[in-house]
Amino acid sequence: MQLSTLRKLIFDKNIFAFLRLGKQVDTVYRTSFVTAANSSGLLNSLSQAEQSLDQLQQQLTIEDNKRDALEAWLECGVRLGELGFSAGRYRLKGKLSRHLAKQENQIAAAMFEEAIRYHYDALLSAPTRMKQNNAYQLSDQDGKVIAQSSQILEPFVEEAIEWGLKKQPQPKAILEVGCGAGKYLVYLSKRLNSCDITAIDYQADVVAHASQTLIKHGIKGVDLRHQSFFDLQGESHYDLITLHNNIYYFTESQRKAVLAKAHSLLKPGGQLLMTTSCQGGSSAITALNLWFSLSDIGGALPDVEQLKRSLTRTGFSQVNSKRLMPGESYFAFLAQK
(Lines give C-alpha, C1' and ligand atoms only; values in the text may rest on other atoms or scores of the structure.)
Protein backbone atom coordinates (compact mmCIF):
# COMPACT_ATOMS: atom_id res chain seq x y z
CA MET A 1 0.00 0.00 0.00
CA GLN A 2 1.33 3.43 -0.91
CA LEU A 3 1.73 6.08 1.76
CA SER A 4 -0.69 8.38 -0.06
CA THR A 5 -3.35 5.67 -0.01
CA LEU A 6 -2.85 5.13 3.73
CA ARG A 7 -3.17 8.88 4.36
CA LYS A 8 -6.45 9.01 2.43
CA LEU A 9 -7.82 6.06 4.41
CA ILE A 10 -6.89 7.66 7.73
CA PHE A 11 -7.70 11.31 7.14
CA ASP A 12 -10.33 11.27 4.39
CA LYS A 13 -12.20 8.01 4.99
CA ASN A 14 -11.72 7.64 8.77
CA ILE A 15 -10.83 3.97 8.41
CA PHE A 16 -10.39 3.63 12.16
CA ALA A 17 -14.13 4.11 12.67
CA PHE A 18 -14.78 1.06 10.49
CA LEU A 19 -12.02 -0.96 12.16
CA ARG A 20 -13.62 -0.32 15.53
CA LEU A 21 -16.81 -1.87 14.16
CA GLY A 22 -15.04 -4.88 12.70
CA LYS A 23 -16.05 -7.33 15.44
CA GLN A 24 -19.68 -6.22 15.32
CA VAL A 25 -19.75 -6.68 11.54
CA ASP A 26 -18.26 -10.17 11.85
CA THR A 27 -20.91 -10.99 14.44
CA VAL A 28 -23.64 -10.01 11.96
CA TYR A 29 -22.03 -12.15 9.27
CA ARG A 30 -21.49 -15.10 11.60
CA THR A 31 -24.99 -15.18 13.04
CA SER A 32 -26.52 -14.81 9.59
CA PHE A 33 -24.46 -17.68 8.17
CA VAL A 34 -25.05 -20.04 11.07
CA THR A 35 -28.79 -19.36 11.05
CA ALA A 36 -29.01 -20.31 7.36
CA ALA A 37 -26.65 -23.25 7.86
CA ASN A 38 -28.90 -24.65 10.58
CA SER A 39 -32.24 -24.15 8.81
CA SER A 40 -30.89 -25.55 5.52
CA GLY A 41 -29.69 -28.77 7.16
CA LEU A 42 -25.99 -28.02 6.65
CA LEU A 43 -25.14 -28.17 10.36
CA ASN A 44 -26.97 -31.45 10.79
CA SER A 45 -25.22 -32.94 7.76
CA LEU A 46 -21.75 -31.89 8.91
CA SER A 47 -22.44 -33.06 12.46
CA GLN A 48 -22.70 -36.60 11.07
CA ALA A 49 -19.43 -36.55 9.12
CA GLU A 50 -17.15 -34.38 7.00
CA GLN A 51 -18.61 -33.77 3.55
CA SER A 52 -17.33 -32.86 0.08
CA LEU A 53 -18.86 -30.14 -2.06
CA ASP A 54 -20.51 -32.81 -4.22
CA GLN A 55 -22.06 -34.49 -1.19
CA LEU A 56 -23.37 -31.21 0.22
CA GLN A 57 -24.79 -30.19 -3.15
CA GLN A 58 -26.74 -33.44 -3.25
CA GLN A 59 -27.88 -33.34 0.38
CA LEU A 60 -28.97 -29.70 0.18
CA THR A 61 -30.64 -30.34 -3.21
CA ILE A 62 -28.78 -27.53 -5.00
CA GLU A 63 -29.00 -27.41 -8.80
CA ASP A 64 -25.80 -27.57 -10.86
CA ASN A 65 -26.19 -23.99 -12.05
CA LYS A 66 -26.00 -22.83 -8.40
CA ARG A 67 -22.97 -24.92 -7.49
CA ASP A 68 -20.63 -21.90 -7.61
CA ALA A 69 -23.00 -19.98 -5.32
CA LEU A 70 -23.04 -22.91 -2.88
CA GLU A 71 -19.25 -22.97 -2.85
CA ALA A 72 -19.13 -19.21 -2.29
CA TRP A 73 -21.57 -19.53 0.62
CA LEU A 74 -19.54 -22.31 2.20
CA GLU A 75 -16.41 -20.21 1.77
CA CYS A 76 -18.09 -17.50 3.86
CA GLY A 77 -18.51 -20.06 6.63
CA VAL A 78 -14.83 -21.00 6.35
CA ARG A 79 -13.65 -17.38 6.45
CA LEU A 80 -15.84 -16.70 9.48
CA GLY A 81 -14.32 -19.67 11.29
CA GLU A 82 -17.57 -21.59 11.56
CA LEU A 83 -16.55 -24.24 9.02
CA GLY A 84 -13.25 -25.97 8.44
CA PHE A 85 -12.02 -27.08 5.02
CA SER A 86 -9.16 -29.43 4.18
CA ALA A 87 -8.49 -32.20 1.68
CA GLY A 88 -11.61 -31.23 -0.26
CA ARG A 89 -13.99 -31.76 2.67
CA TYR A 90 -15.95 -29.43 4.96
CA ARG A 91 -16.42 -29.89 8.70
CA LEU A 92 -17.92 -28.04 11.65
CA LYS A 93 -15.37 -25.84 13.35
CA GLY A 94 -16.83 -22.80 15.13
CA LYS A 95 -18.26 -22.96 18.63
CA LEU A 96 -21.61 -21.51 17.53
CA SER A 97 -22.08 -24.00 14.69
CA ARG A 98 -21.05 -26.98 16.82
CA HIS A 99 -23.32 -25.83 19.63
CA LEU A 100 -26.42 -25.38 17.48
CA ALA A 101 -25.81 -28.65 15.62
CA LYS A 102 -26.31 -30.72 18.78
CA GLN A 103 -29.67 -32.44 18.93
CA GLU A 104 -30.23 -31.43 22.55
CA ASN A 105 -29.85 -27.77 21.56
CA GLN A 106 -32.55 -27.67 18.89
CA ILE A 107 -34.89 -25.49 20.95
CA ALA A 108 -32.07 -23.00 21.46
CA ALA A 109 -31.31 -23.19 17.74
CA ALA A 110 -34.95 -22.38 16.91
CA MET A 111 -34.90 -19.43 19.30
CA PHE A 112 -31.70 -18.22 17.67
CA GLU A 113 -33.26 -18.54 14.22
CA GLU A 114 -36.39 -16.69 15.30
CA ALA A 115 -34.27 -13.82 16.63
CA ILE A 116 -32.16 -13.55 13.47
CA ARG A 117 -34.85 -14.15 10.85
CA TYR A 118 -37.69 -12.16 12.40
CA HIS A 119 -36.57 -9.90 15.24
CA TYR A 120 -33.41 -8.73 13.49
CA ASP A 121 -35.29 -8.13 10.26
CA ALA A 122 -37.91 -6.10 12.12
CA LEU A 123 -35.24 -3.91 13.72
CA LEU A 124 -33.49 -3.45 10.39
CA SER A 125 -36.50 -2.79 8.18
CA ALA A 126 -38.91 -1.01 10.56
CA PRO A 127 -38.47 2.54 9.15
CA THR A 128 -38.82 1.36 5.55
CA ARG A 129 -41.79 -0.87 6.29
CA MET A 130 -43.59 1.95 8.09
CA LYS A 131 -42.95 4.44 5.27
CA GLN A 132 -43.99 1.97 2.56
CA ASN A 133 -46.85 0.49 4.59
CA ASN A 134 -45.30 -2.93 3.96
CA ALA A 135 -46.65 -5.11 6.76
CA TYR A 136 -45.50 -8.59 7.70
CA GLN A 137 -47.86 -11.44 6.79
CA LEU A 138 -48.42 -14.82 8.42
CA SER A 139 -46.58 -16.41 5.49
CA ASP A 140 -43.45 -14.50 6.55
CA GLN A 141 -43.13 -16.84 9.52
CA ASP A 142 -42.07 -20.47 9.50
CA GLY A 143 -44.68 -22.04 11.77
CA LYS A 144 -42.45 -24.98 12.62
CA VAL A 145 -39.60 -22.72 13.77
CA ILE A 146 -41.92 -20.62 15.93
CA ALA A 147 -43.52 -23.73 17.46
CA GLN A 148 -40.13 -25.22 18.25
CA SER A 149 -38.80 -21.95 19.65
CA SER A 150 -41.85 -21.66 21.91
CA GLN A 151 -40.99 -24.97 23.55
CA ILE A 152 -38.64 -23.10 25.88
CA LEU A 153 -41.80 -21.80 27.55
CA GLU A 154 -43.21 -25.28 28.25
CA PRO A 155 -42.33 -25.43 31.98
CA PHE A 156 -43.98 -22.04 32.54
CA VAL A 157 -47.10 -22.99 30.58
CA GLU A 158 -47.35 -26.26 32.51
CA GLU A 159 -47.15 -24.24 35.72
CA ALA A 160 -49.98 -22.05 34.41
CA ILE A 161 -52.05 -25.15 33.59
CA GLU A 162 -51.61 -26.45 37.12
CA TRP A 163 -52.59 -23.01 38.43
CA GLY A 164 -55.80 -23.23 36.42
CA LEU A 165 -56.54 -26.80 37.47
CA LYS A 166 -56.44 -25.81 41.13
CA LYS A 167 -59.62 -23.84 40.46
CA GLN A 168 -61.16 -26.55 38.30
CA PRO A 169 -59.46 -29.87 39.07
CA GLN A 170 -61.28 -32.10 36.56
CA PRO A 171 -62.54 -30.39 33.40
CA LYS A 172 -64.42 -32.76 31.11
CA ALA A 173 -63.99 -30.91 27.81
CA ILE A 174 -61.01 -28.74 26.82
CA LEU A 175 -60.36 -26.61 23.75
CA GLU A 176 -56.81 -25.54 22.92
CA VAL A 177 -56.68 -22.61 20.51
CA GLY A 178 -53.36 -22.62 18.66
CA CYS A 179 -51.89 -26.07 19.23
CA GLY A 180 -48.26 -25.14 18.49
CA ALA A 181 -45.91 -28.12 18.60
CA GLY A 182 -48.49 -30.16 20.51
CA LYS A 183 -46.50 -30.45 23.72
CA TYR A 184 -49.27 -28.95 25.88
CA LEU A 185 -51.71 -31.44 24.40
CA VAL A 186 -49.39 -34.22 25.54
CA TYR A 187 -49.20 -32.69 29.01
CA LEU A 188 -52.98 -32.29 29.30
CA SER A 189 -53.67 -35.81 27.96
CA LYS A 190 -51.36 -37.38 30.51
CA ARG A 191 -52.53 -35.09 33.31
CA LEU A 192 -56.27 -35.63 32.65
CA ASN A 193 -56.92 -39.18 31.51
CA SER A 194 -60.69 -38.98 31.01
CA CYS A 195 -60.92 -35.57 29.36
CA ASP A 196 -62.12 -34.80 25.82
CA ILE A 197 -59.57 -32.52 24.17
CA THR A 198 -60.06 -30.54 20.96
CA ALA A 199 -57.17 -28.56 19.48
CA ILE A 200 -57.13 -26.18 16.51
CA ASP A 201 -54.57 -24.12 14.63
CA TYR A 202 -54.82 -21.76 11.68
CA GLN A 203 -51.55 -23.00 10.09
CA ALA A 204 -51.62 -26.42 8.42
CA ASP A 205 -47.88 -27.07 8.94
CA VAL A 206 -48.27 -26.45 12.67
CA VAL A 207 -51.15 -28.93 12.86
CA ALA A 208 -49.03 -31.51 11.02
CA HIS A 209 -46.18 -30.93 13.49
CA ALA A 210 -48.53 -31.30 16.47
CA SER A 211 -49.93 -34.52 14.99
CA GLN A 212 -46.43 -36.00 14.82
CA THR A 213 -45.81 -34.99 18.43
CA LEU A 214 -48.96 -36.81 19.56
CA ILE A 215 -47.98 -39.92 17.61
CA LYS A 216 -44.48 -39.82 19.06
CA HIS A 217 -45.86 -39.80 22.60
CA GLY A 218 -48.55 -42.38 21.92
CA ILE A 219 -51.39 -39.94 22.53
CA LYS A 220 -54.70 -40.90 20.92
CA GLY A 221 -58.16 -39.39 21.02
CA VAL A 222 -57.25 -35.70 20.64
CA ASP A 223 -59.51 -34.03 18.07
CA LEU A 224 -56.84 -32.09 16.14
CA ARG A 225 -58.07 -29.71 13.44
CA HIS A 226 -56.76 -27.20 10.89
CA GLN A 227 -59.41 -24.61 11.63
CA SER A 228 -60.01 -20.98 12.53
CA PHE A 229 -61.22 -20.27 16.06
CA PHE A 230 -64.02 -18.10 14.67
CA ASP A 231 -65.36 -21.00 12.59
CA LEU A 232 -66.18 -23.07 15.67
CA GLN A 233 -69.88 -23.57 16.19
CA GLY A 234 -72.02 -24.05 19.30
CA GLU A 235 -72.22 -22.53 22.75
CA SER A 236 -71.43 -23.57 26.32
CA HIS A 237 -69.50 -26.65 25.29
CA TYR A 238 -66.13 -26.48 27.08
CA ASP A 239 -65.00 -26.45 30.71
CA LEU A 240 -61.58 -25.02 29.85
CA ILE A 241 -60.27 -23.05 26.86
CA THR A 242 -56.55 -22.35 26.54
CA LEU A 243 -54.65 -19.85 24.39
CA HIS A 244 -50.90 -20.22 24.81
CA ASN A 245 -48.51 -17.65 23.34
CA ASN A 246 -50.82 -16.53 20.55
CA ILE A 247 -53.20 -13.74 21.60
CA TYR A 248 -50.93 -11.27 19.79
CA TYR A 249 -51.69 -13.07 16.51
CA PHE A 250 -55.03 -11.28 16.67
CA THR A 251 -55.54 -7.56 16.09
CA GLU A 252 -56.91 -5.36 18.86
CA SER A 253 -60.45 -5.61 17.47
CA GLN A 254 -60.09 -9.35 16.90
CA ARG A 255 -58.98 -9.86 20.50
CA LYS A 256 -62.33 -8.54 21.71
CA ALA A 257 -64.03 -11.05 19.39
CA VAL A 258 -61.71 -13.84 20.63
CA LEU A 259 -62.63 -13.17 24.26
CA ALA A 260 -66.34 -12.98 23.39
CA LYS A 261 -66.12 -16.21 21.37
CA ALA A 262 -64.32 -17.98 24.21
CA HIS A 263 -66.95 -16.74 26.66
CA SER A 264 -69.75 -18.12 24.50
CA LEU A 265 -68.05 -21.52 24.10
CA LEU A 266 -67.47 -22.01 27.83
CA LYS A 267 -69.94 -23.71 30.11
CA PRO A 268 -71.11 -21.71 33.14
CA GLY A 269 -68.23 -21.78 35.61
CA GLY A 270 -65.79 -22.68 32.82
CA GLN A 271 -62.38 -21.06 32.60
CA LEU A 272 -60.29 -19.27 30.01
CA LEU A 273 -56.53 -19.72 30.54
CA MET A 274 -54.10 -17.59 28.53
CA THR A 275 -50.31 -17.35 28.62
CA THR A 276 -48.57 -14.54 26.77
CA SER A 277 -45.63 -12.19 26.63
CA CYS A 278 -46.74 -8.69 27.58
CA GLN A 279 -45.55 -5.13 27.24
CA GLY A 280 -42.45 -4.11 29.15
CA GLY A 281 -40.17 -7.13 28.87
CA SER A 282 -36.60 -7.88 27.81
CA SER A 283 -35.00 -6.92 24.50
CA ALA A 284 -36.28 -10.18 22.96
CA ILE A 285 -39.88 -9.46 23.99
CA THR A 286 -39.51 -5.84 22.90
CA ALA A 287 -38.36 -7.03 19.46
CA LEU A 288 -41.26 -9.50 19.35
CA ASN A 289 -43.58 -6.60 20.11
CA LEU A 290 -42.04 -4.65 17.24
CA TRP A 291 -42.56 -7.51 14.76
CA PHE A 292 -46.24 -7.82 15.58
CA SER A 293 -46.67 -4.05 15.60
CA LEU A 294 -45.38 -4.10 12.00
CA SER A 295 -47.62 -6.99 10.95
CA ASP A 296 -51.07 -7.40 9.45
CA ILE A 297 -51.74 -10.59 11.42
CA GLY A 298 -51.90 -9.22 14.92
CA GLY A 299 -50.86 -6.26 16.95
CA ALA A 300 -48.72 -5.05 19.80
CA LEU A 301 -48.26 -7.31 22.80
CA PRO A 302 -51.01 -6.92 25.41
CA ASP A 303 -50.73 -4.72 28.45
CA VAL A 304 -51.41 -6.72 31.62
CA GLU A 305 -53.97 -4.43 33.21
CA GLN A 306 -55.65 -3.60 29.92
CA LEU A 307 -56.12 -7.30 29.11
CA LYS A 308 -57.63 -7.92 32.55
CA ARG A 309 -60.08 -5.07 31.99
CA SER A 310 -61.00 -6.50 28.57
CA LEU A 311 -61.75 -9.87 30.16
CA THR A 312 -63.96 -8.23 32.77
CA ARG A 313 -65.84 -6.17 30.17
CA THR A 314 -66.45 -9.34 28.16
CA GLY A 315 -68.33 -10.82 31.10
CA PHE A 316 -65.68 -12.92 32.83
CA SER A 317 -65.50 -12.90 36.59
CA GLN A 318 -62.62 -13.64 38.98
CA VAL A 319 -60.02 -12.42 36.50
CA ASN A 320 -56.50 -13.06 37.78
CA SER A 321 -52.98 -12.72 36.39
CA LYS A 322 -49.73 -14.36 37.39
CA ARG A 323 -46.15 -13.52 36.40
CA LEU A 324 -44.69 -16.83 35.30
CA MET A 325 -41.10 -15.85 34.58
CA PRO A 326 -39.27 -13.96 37.35
CA GLY A 327 -38.01 -10.61 36.10
CA GLU A 328 -39.67 -11.05 32.70
CA SER A 329 -42.97 -9.82 31.28
CA TYR A 330 -44.46 -13.27 30.70
CA PHE A 331 -47.86 -13.81 32.30
CA ALA A 332 -50.76 -16.21 32.72
CA PHE A 333 -54.36 -14.99 32.85
CA LEU A 334 -57.23 -17.02 34.33
CA ALA A 335 -60.82 -15.88 33.95
CA GLN A 336 -64.03 -17.68 34.92
CA LYS A 337 -67.36 -17.43 33.15
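Is Arg 255 buried or exposed at 7% relative accessibility? Arg 255 counts as buried, a word used here for a relative accessible area under 20%, with exposed meaning over 50% and partly exposed in between (1.4 Å probe, protein chains only). Before we go further, please note that this is a predicted model, in which local features need pLDDT of at least 70, side-chain atom pairs count only at pLDDT 80 or more, and totals for chains, interfaces and linings use all residues. Residues are numbered from 1 along each chain as its sequence is written, and side-chain values use heavy atoms, leaving out hydrogens and water.

Let us stay with Arg 255 for a moment. Arg 255 forms a salt bridge with Glu 252, and their closest N and O atoms are 3.2 Å apart. The term salt bridge stands for a side-chain nitrogen of Lys or Arg within 4 Å of a carboxyl oxygen of Asp or Glu. The two residues are 3 apart in helix H13, so about one helical turn separates them. Helices (H or I, at least four residues) and strands (E, at least two) are DSSP runs, numbered from the N terminus. Unlike buried Arg 255, Glu 252 is partly exposed at 44%.

By this rule the model has 12 salt bridges. Another of them joins the side chains of Arg 117 and Glu 113, with 2.8 Å from N to O. Both residues lie in helix H8, 4 residues apart, or about one turn of the helix. Here Glu 113 is the buried partner at 7% relative accessibility, while Arg 117 is partly exposed at 37%. In helix H15, Glu 305 and Lys 308 meet in a salt bridge at 4.0 Å, N to O. Glu 305 is partly exposed, with a relative accessible area of 42%, and Lys 308 is also partly exposed, at 21%.

Now look at a charged residue without such a partner. Glu 328 sits in the loop between strand S9 (317–323) and strand S10 (330–336). Glu 328 is buried yet has no salt bridge, and the nearest side chain of opposite charge, Arg 323, is 6.4 Å away. For charge, Lys and Arg count as positive and Asp and Glu as negative, with His and the chain ends not counted. The side chain of Glu 328 does make a polar contact with the side chain of Ser 282, at 2.7 Å. A polar contact is a pair of N or O atoms within 3.5 Å; within protein, one must be able to donate a hydrogen and the other to accept it, and residues adjacent in sequence count only if both atoms are side-chain atoms.

Next comes the nonpolar interior. The largest nonpolar core holds 42 residues, and Phe 229, Ile 241, Leu 243, Leu 272, Met 274 and Leu 311 touch the most other members. Such a core is a set of buried Ala, Val, Leu, Ile, Met, Phe, Trp, Tyr and Cys residues joined through side-chain atoms within 4.5 Å. Among the elements giving two or more residues to this core are helix H8 (106–132), strand S7 (238–244) and helix H13 (252–265). A second, separate core of 29 residues includes Tyr 184, Leu 188, Val 206 and Leu 273.

Finally, the cysteines. The whole structure contains 0 disulfides, a disulfide being a pair of cysteine sulfur atoms within 2.5 Å. The sulfur of Cys 195 is 16 Å from the closest cysteine sulfur, in Cys 179, and is therefore too far for a bond. Cys 195 is buried at 12% relative accessibility, whereas Cys 76 is partly exposed at 40%.
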